[in-house]
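Trainee: Could you walk me through this one with me asking "why" all the time?

Mentor: Sure, ask away.

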Amino acid sequence: MAVSMTEAAVQRVRTLCKKRQTPDAVLRVGVRGGGCSGLSYFMDFVETPEEKDKIFEFGDPSIVLAVDRKSYLFLNGTEIHFAQTMMKSGFE
C-alpha cells in the first residue's frame, strides 16, 4: 500500500505552488499528537523532503509528496483528495 492523491488534489497542489511561485515545492504531510482522537493531520510546503521521508510522485509534471516514517504508519493506504464546496453555517 501507499499514500495516493486524486487528480483533483494534484491539480490543487499545482495551483497552490504556482500562486506561491514555488513550482518545485514538496508537499509534506503527516500526523502529530493532539486533537480529539489523539492525532491531528498537517500539510506544509517545503523545499526538499527530509532524508528518511517516504516519497511519492503524482502526475506530469510531477507533484512530490513526502511523508515522515512515523506518520507513514498511520497514513499508509490514505488517499488525499481536494473538494471545493459551499458550506452553510448553522447560525443563519
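Trainee: Where is Asp68 found?

Mentor: Asp68 sits in the loop between β5 and α2. Those labels come from DSSP runs, numbered from the N terminus: helices are H or I runs of at least four residues, and strands are E runs of at least two. Before going on: residues are numbered from 1 along each chain as its sequence is written, and side-chain values use heavy atoms, with hydrogens and water left out. This is also a predicted model, where local features need pLDDT of at least 70 and side-chain atom pairs count only at pLDDT 80 or more, while totals for chains, interfaces and linings use all residues.

Trainee: Why is Asp68 called buried?

Mentor: Compare its value with the cut-offs: buried means under 20% relative accessible area, exposed means over 50%, and partly exposed is in between (1.4 Å probe, protein chains only). Asp68 has 18% relative accessibility, so it counts as buried.

Trainee: Which residues does Asp68 touch?

Mentor: Leaving out residues up to four places away in sequence, Asp68 touches Arg28, Val29, Gly30, Phe42 and Asp53. Contact here means heavy atoms within 4.5 Å.

Trainee: Arg28 is on that list. Why does Arg28 count as buried?

Mentor: Arg28 has 15% relative accessibility, so it counts as buried. Arg28 belongs to strand β2, and 6 of the 8 residues of β2 are buried, so that strand is largely enclosed by the rest of the structure.

Trainee: What makes Asp53 and Arg28 a salt bridge?

Mentor: The rule asks for a side-chain nitrogen of Lys or Arg within 4 Å of a carboxyl oxygen of Asp or Glu. For Asp53 and Arg28, the closest N and O atoms are 2.7 Å apart, so the pair fits the rule. Asp53 lies in the loop between β3 and β4 while Arg28 is in strand β2, so the pair ties together parts that are 25 residues apart in sequence. Both Asp53 and Arg28 are buried. As background, side chains of opposite charge can pair when their charged atoms come close.

Trainee: How many salt bridges does this rule give?

Mentor: The count comes to 1 salt bridge.

Trainee: How do you know which strands pair, and what order do they take in the sheet?

Mentor: Strands pair if DSSP finds at least two bridges between them. β2 and β3 have 8 bridges in the antiparallel sense, so they pass. β2 (residues 26–33) and β5 (residues 63–67) pair in the parallel sense over 3 bridges, and β4 and β5 pair in the antiparallel sense over 5 bridges. The result is an open sheet of 4 strands in the order β3-β2-β5-β4, with mixed pairing.

Trainee: What makes β3 and β4 edge strands?

Mentor: β3 (39–46) and β4 (54–58) each pair on one side only.

Trainee: Which residues are partners across the sheet?

Mentor: Val29 has Met43 as its bridge partner in β3. On the β5 side, Leu27 is partnered with Leu65, and Arg28 stands opposite Ala66. Phe58 stands opposite Ile63 in β5.

Trainee: How many residues of β5 are buried?

Mentor: In β5, 5 of its 5 residues are buried, and the strand is mostly covered. Ile63, Leu65 and Val67 point one way, and Val64 and Ala66 the other way.

Trainee: What about Leu73: is it buried or exposed?

Mentor: Leu73 has 68% relative accessibility, so it counts as exposed. Leu73 is found in helix α2 (residues 69–75).

Trainee: Where is Gln21 found, by the way?

Mentor: Gln21 is in the loop between α1 and β2. Gln21 is exposed, with a relative accessible area of 69%. Its phi is near 60°, a positive value in a residue other than glycine.

Trainee: And what kind of peptide bond joins Asp60 and Pro61?

Mentor: A cis one, with omega about 5°. Pro61 is in the loop between β4 and β5. Why point out these two cases? Because most residues other than glycine have a negative phi, and most peptide bonds are trans.
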